Every structure is written in C-alpha cells, then in structure tokens.
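User: Could you take me through one part of this model up close? I'd like to see how a single helix sits in its surroundings, and then how the rest of the chain is laid out.

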Amino acid sequence: MLVRTRDTLAAELCALHGSGMTWRQIAALARFCGVPAGTLCAIAKGYEPKSPDLRAKLGLPPTATVVSVDGAIPDGTQVTSWRMCASPNCDNTFADNNPQRRYCYECRPKKGKTI
Ligand SMILES: [Zn+2]
C-alpha cells in the first residue's frame, strides 16, 4: 500500500504542475486513482483532505488514531472536543465526558460519578 504525507503529496503535485502538466492531465494519471483535478490543485495549495475514502485513495494516513481504554470504538465515532491532560507528567490528549474533567483517563480512570 502506498503511504504518503500531505507535504510529500503536495510537493509531488507541485513538481508535476511545474513541469507543464495541467491539473486535468495530472488527475488522469493512474497513481491519483481518479481524484478530481480541482481537489489535487487544492491539496497542492495546502488543503488537507478530510474524507477517509479520499485519504485512502491518495495513500494518506487516517487523520486520527484513537486509543480506547474501555472497549472498542466504531469507525466514524464523533467527539465534540479534545483536551490536553492537566497532569504535568502526562502529555495525553482525551475526549472529555464532562467539561470539568481535567485529567486523561489513564491519570484519572472513570469510575461511577467521579470526574
Ligand atoms: Zn494524563
């Protein structure tokens, strides 16, 4: 499986466009798997593709890696926000279940009504 970063993809697209190819000609190349010319142009100019399907076609890694501390999390699960853990010895991020939670679930495991 092809793996790229957005920066290497943008550099590749800029190099191709700089060599005189139009965006439509670049989009017609097999390695871009039918991604529209306008999308490739936007990526070259700094756009970060959000769609998981589009990212997979372009060989870009998923936008987030989620670690579950209790059970599985289905693909596409939505969270409203994330925070940095308030512990000085920890640099974990977490999706808070309560606005008053300040520590990640490793530093302060969830139990009952305790925050
Ligand atoms: Zn923590």
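Analyst: Happy to. This is a predicted model, and its domain assignment gives two parts, domain 1 (6-58) and domain 2 (67-115). Taken over C-alpha atoms, the centres of domain 1 and domain 2 are separated by 36 Å.

Let's look closely at helix α3, which covers residues 37-44. Which of its residues are buried? They are Leu40, Ile43 and Ala44. These buried residues lie on the same side of α3, because the arc they cover around the axis is only 100 degrees. The spacing along the sequence helps to explain such a pattern: an α-helix has 3.6 residues a turn, so residues three or four places apart point the same way. As for what lies over that side, the cover of the buried residues of α3 includes α1 (6-18) and α2 (23-27). After α3 comes Gly46, and its phi is positive, near 115 degrees.

For a contrasting spot, try Ser87, found in the loop that runs between β1 (83-84) and β2 (93-94). Is Ser87 buried or partly exposed? Ser87 is partly exposed, because 14 other C-beta atoms lie within 10 Å, while a buried residue needs 20 or more. Setting aside neighbours within four places in sequence, Ser87 has contacts with Tyr103 and Cys107. Val69 is 18 residues from Ser87 along the chain, and their C-alpha atoms are 18 Å apart.

Methods
Residues are numbered from 1 along each chain as its sequence is written. This is a predicted model: local features need pLDDT of at least 70, side-chain atom pairs count only at pLDDT 80 or more; totals for chains, interfaces and linings use all residues. Domain bounds come from an automatic or database domain assignment. Helices (H or I, at least four residues) and strands (E, at least two) are DSSP runs, numbered from the N terminus. A residue is buried if 20 or more other C-beta atoms lie within 10 Å of its own, exposed if 12 or fewer, and partly exposed in between; C-beta atoms are placed from the backbone. Two residues are in contact if their C-beta atoms, placed from the backbone, lie within 7 Å. The arc is that of the directions from the helix axis to the C-beta atoms.
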